[in-house]
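Student: I am new to this structure and should be grateful for a close look at a single part of it. Please take the time to give one connected account.

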Amino acid sequence: MTAQEPPIEPLLELRSVMARLRAECPWKREQTHRSLLRYLLEEAYETVEAVESGHPEPDADHLREELGDLLLQVYFHAAVAAERGAFDIDDVARGITEKMVRRNPHVFAPSAAEQPQDAAAVNDAWEAIKAEEKAERTDPADGVPTALPALLYADKLVDRLSRAGRPVHVDAGADAIGERLLALVVEARADGVDPEQELRDAVRRRLTSS
């Protein structure tokens, strides 16, 4: 870029870089959605680590770098899809923008001031709108990835079942460890806490205190 050329908008520049890498880099040209999955997972977990390793706030440079690596995976998948004529990064951005506007009437609707404004009511409204969008689903487990970490998977299913009028009843005194773990997930939801994050925090506290 010469001194006379205007600066390139960063997201457009990343799109251009990704397209060139797909065209000119042998390794990147060979990648598919499936082969990229491991890197998407790795970058997601590295982003989690960047957030959790900081106290009380994550290191800004570290988090920025990991978010960039995660963003690259989104652009990578979009570039692969664009080559097949399926969709491109603009379609990805457009889709999520439309979803955010649709699912946040308390912000974007003409009657936003009349919508519930506390966090719990907003979340309930989000889930209700989501349920309407996916009304064809009859199984509460539909759309919940089975590859999620076990506590997070249980937490999401307990929430889905509860919203479907099928609350999970468990015996905290059961002999089976799995049943007791599930009972803790139900207890955590009743207390309004995230069992996955609570366990991660507890383990990290032990590591830092030892």
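Student: At roughly what angle do the axes of helix H8 and helix H10 cross, and within what distance do they come? Please describe helix H8 and its surroundings from there.

Tutor: The model is a predicted one. The axes of helix H8, residues 150–163, and helix H10, residues 195–209, cross at roughly 155° and come within 8 Å. An angle over 145 degrees counts as roughly antiparallel, and H8 and H10 are therefore roughly antiparallel to each other. On the H8 side, the residues that meet H10 are Leu151, Leu152 and Asp155; on the H10 side, Pro195, Glu196 and Leu199 meet them. Sorted by class, this contact of H8 with H10 holds four nonpolar residues, two charged residues and no polar ones.

Let us now consider helix H8 itself. It has 14 residues, which at 1.5 Å a residue should span 20 Å, and the C-alpha atoms at its ends are indeed 20 Å apart, in agreement with that expectation. The buried residues of H8 are Leu151, Ala154, Asp155, Leu157, Val158, Asp159, Arg160 and Leu161. Among the elements that cover these buried residues are H7, H9 and H10. After H8 comes glycine 165, whose phi is positive, near 80°.

Two buried residues of H8 deserve individual attention. Aspartate 155, which is found in helix H8, has a relative accessibility of 9% and therefore counts as buried, since the cut-off for that class is under 20%. Apart from its neighbours within four places in sequence, aspartate 155 is in contact with Val185, Arg189, Asp194 and Pro195. Pro195 also takes part in the meeting of H8 with H10 described above.

Valine 158 also lies in helix H8. Its relative accessible area is 9%, so valine 158 is buried. Residues up to four places away in sequence aside, valine 158 touches Val168, Leu182, Val185, Val186 and Arg189. Val185 and Arg189 appear among the contacts of aspartate 155 and among those of valine 158. By contrast, the C-alpha atoms of valine 158 and alanine 82 are separated by 37 Å, the two residues being 76 residues apart along the chain.

The contact of aspartate 155 with Asp194 leads to the segment before H10. Aspartate 194 lies in the loop between helix H9, residues 177–191, and H10. With a relative accessibility of 36%, aspartate 194 counts as partly exposed. Aspartate 194 and leucine 152 are 42 residues apart in sequence, and their C-alpha atoms are 8.2 Å apart in space. Leucine 152 is itself one of the H8 residues that meet H10.

The remaining neighbour to examine is helix H7. The axes of H7 and H8 come within 12 Å and cross at roughly 80°, which makes H7 roughly perpendicular to H8. Here Asn123, Asp124, Glu127 and Lys130 in H7 meet Asp159, Arg160 and Arg163 in H8. This contact of H7 with H8 divides into six charged residues, one polar residue and no nonpolar ones. The contact of H8 with H10, as stated above, has four nonpolar and two charged residues.

Helix H7 covers residues 119–133; its 15 residues should span 21 Å at 1.5 Å a residue, and its end C-alpha atoms are 21 Å apart, which agrees. Val122, Glu127 and Ile129 are buried in H7. Seen down the axis of H7, the buried residues fall within an arc of 165°, so they line one face of the helix. On the other side of H7, Ala120 and Glu132 are exposed. The buried residues of H7 pack against helix H5 (89–103), helix H6 (105–108) and H8. Glu127 is thus both buried in H7 and one of the residues with which H7 meets H8.

To draw the account together, H8 runs roughly antiparallel to H10, whereas H7 is roughly perpendicular to H8. H7, H9 and H10 are included in what covers the buried residues of H8, with aspartate 155 and valine 158 among those buried residues.

Methods:
Residues are numbered from 1 along each chain as its sequence is written. This is a predicted model: local features need pLDDT of at least 70, side-chain atom pairs count only at pLDDT 80 or more; totals for chains, interfaces and linings use all residues. Side-chain values use heavy atoms; hydrogens and water are left out. Axes are lines fitted to C-alpha atoms, for helices over the stretch in contact, and angles run from 0 to 180 degrees between N-to-C directions. Helices (H or I, at least four residues) and strands (E, at least two) are DSSP runs, numbered from the N terminus. Angles under 35 degrees count as roughly parallel, over 145 as roughly antiparallel, 65 to 115 as roughly perpendicular and the rest as oblique. Contact means heavy atoms within 4.5 Å. Ala, Val, Leu, Ile, Met, Phe, Trp, Tyr, Cys and Pro count as nonpolar, Asp, Glu, Lys and Arg as charged, and the others, Gly among them, as polar. The expected span of a helix is 1.5 Å times one less than its number of residues. Buried means under 20% relative accessible area, exposed over 50%, partly exposed in between (1.4 Å probe, protein chains only). The arc is that of the directions from the helix axis to the C-beta atoms.
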